[in-house]
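Work through the exercises below with the sequence and the structure at hand. Each task is followed by a solution in steps.

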Amino acid sequence: MNANAIKAMLTSAAVVALSCGAAVAEQEPAPGVLVINGDIEITTEVKAPDYIDGLDMAYSGWRFRASETQAFELDDFDNPGMIFVEEAQVVWDTVDGSEGKSCASCHDGPESMKGVRAVYPKWNEAAGKVTTIEDEINNCRTTRMGAEAWDYNSDTIRSMNGLITLQSRGMPVNVAVDGPAKETWEKGKELYYARTGQLELSCANCHEDHYGDLIRAEVLSQGQINGFPVYRLKDSVLTGVHNRFKGCVRDTRAETYSPGSDEFRALELYVSSRGNGLSVEGPSVRN
């Protein structure tokens with residue numbers, strides 16, 4: 001079988017899978033109210049931002065999960081992602097590097113990070129580019145602590161991201177898409193709608209055109225990232241958003257980008273903006 005025939009077969013299979021899902025599922029998630037620990041109200045649906053053409057409403061991925069999975073987020077005691085947050089708390093207070101500092105040396109407790117997750121990624125004037133929370137963690141380590149940068153996709157940096165994210169839980173996502181960040185946002189939008197790989201699928205094909213439909217045994221969400229980092233039950237670890245992007249691109253049978261790449265920074269900004277108004281939810285739990 002030649003390459004064109006294989007490509008046609010894979011594309012056809014993807015279309016059939018999505019079409020079959022459309023026959024047995026609705027494009028609206030089941031109603032649901034998420035209140036964590038009995039007092040943190042999480043907004044799981046909002047009117048989509050005006051600059052997003054393909055959605056009327058934005059829904060958290062929590063709304064598309066089975067009730068058994070949703071239940072993990074109702075109480076932090078049941079949320080397996082909190083184990084990694086607790087580990088990050090120890091690291092926060094640990095001195096590292098040539099300057100004899102820890103995170104706490106400059107920032108006191110993690111609660112000083114309240115509001116940070118809600119506005120990232122964002123334009124960093126000093127760096128001259130849009131940066132992510134992972135970028136800022138490593139900037140602190142190298143410039144203030146005299147410590148080595150962590151690998152962008154390491155367990156440690158994902159756990160620290162989880163600790164920082166936790167401080168903003170319940171606050172509305174509010175990333176800026178104008179000003180100096182606009183060029184990066186436009187690049188992210190282009191990547192979101194670009195068809196890639198042997199399957200010739202874009203992010204939008206699944207998460208905009210077919211959210212709520214079945215693909216194999218899974219219900220497709222809108223791909224909102226207000227819940228990241230997420231504890232994935234299939235992996236038993238906290239997963240960063242770039243790692244998830246990498247997996248999605250790989251699933252289209254395409255050459256993928258690396259976590260921390262400029263392409264994934266742009267895509268993170270754009271996808272974050274699609275969920276402006278949803279609550280910061282992480283660390284969340286997904287399949």
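**Exercise 1. A small sheet**

Which residue in β10 is the bridge partner of Val230? Then place β10 in its sheet.

Solution. The model is a predicted one. Step one: Val230 has Thr239 as its bridge partner in β10. Step two: strand β9 (residues 230–232) is joined to β10 by 3 bridges, and the two run antiparallel. Step three: the open sheet has 3 strands in the order β10-β9-β11, and its pairing is mixed. Step four: β10 (237–239) and β11 (284–286) are the edge strands, each pairing on one side only. Step five: on average, neighbouring strands of this sheet are turned by 40° against each other, direction ignored.

**Exercise 2. Two helices in contact**

Determine how α8 and α11 are oriented towards each other, and describe the residues of their contact.

Solution. Step one: helix α8 (residues 182–193) packs against α11 at an angle of about 90°, and the axes are 7 Å apart. Step two: angles of 65 to 115 degrees count as roughly perpendicular, and α8 and α11 are therefore roughly perpendicular to each other. Step three: the α8 side of the contact includes Trp185, Leu191, Tyr192 and Tyr193, while the α11 side includes Ala266, Leu267, Tyr270 and Val271. Step four: the residues of the contact of α8 with α11 divide into 9 nonpolar, 3 polar and 5 charged. Step five: ring pairs link Trp185, Tyr192, Tyr193 and Tyr270, together with Tyr51, into a cluster.

**Exercise 3. Aromatic pairs**

How many aromatic pairs are there? Classify the pair of Tyr59 and Tyr211 and the pair of Phe245 and Phe264 by the angle of their planes.

Solution. Step one: rings pair if their centres lie within 6.5 Å, and the count comes to 10 aromatic pairs. Step two: the ring centres of Tyr59 and Tyr211 are 6.5 Å apart and the planes stand at 50°, so this pair is tilted. Step three: Tyr59 belongs to strand β4 (residues 57–59) and Tyr211 to the loop between α9 (203–207) and β7 (214–215), so the pair ties together parts that are 152 residues apart in sequence. Step four: Tyr59 and Tyr211 are both buried. Step five: for Phe245 and Phe264 the centres are 5.6 Å apart and the planes at 55°, so this pair is tilted. Step six: Phe245 lies in helix α10 (residues 241–251) and Phe264 in helix α11 (residues 262–274), 19 residues apart, and the pair links distant parts of the chain. Step seven: both Phe245 and Phe264 are buried.

Conventions:
Residues numbered from 1 in each chain as written. Predicted model: local features only at pLDDT ≥ 70, side-chain atom pairs only at ≥ 80, totals over all residues. Heavy atoms only, no water. Phe/Tyr/Trp six-rings, centres within 6.5 Å; stacked < 30°, edge-to-face > 60°. Helix = DSSP H or I, 4+ residues; strand = E, 2+ residues; numbered from the N terminus. Buried < 20%, exposed > 50% of the residue type's maximum accessible area, 1.4 Å probe, protein only. Axes fitted to C-alpha atoms, helices over the stretch in contact; angles between N-to-C directions. Parallel < 35°, antiparallel > 145°, perpendicular 65-115°, else oblique. Contact = heavy atoms within 4.5 Å. Nonpolar A, V, L, I, M, F, W, Y, C, P; charged D, E, K, R; others polar. Pairing = 2+ DSSP bridges.
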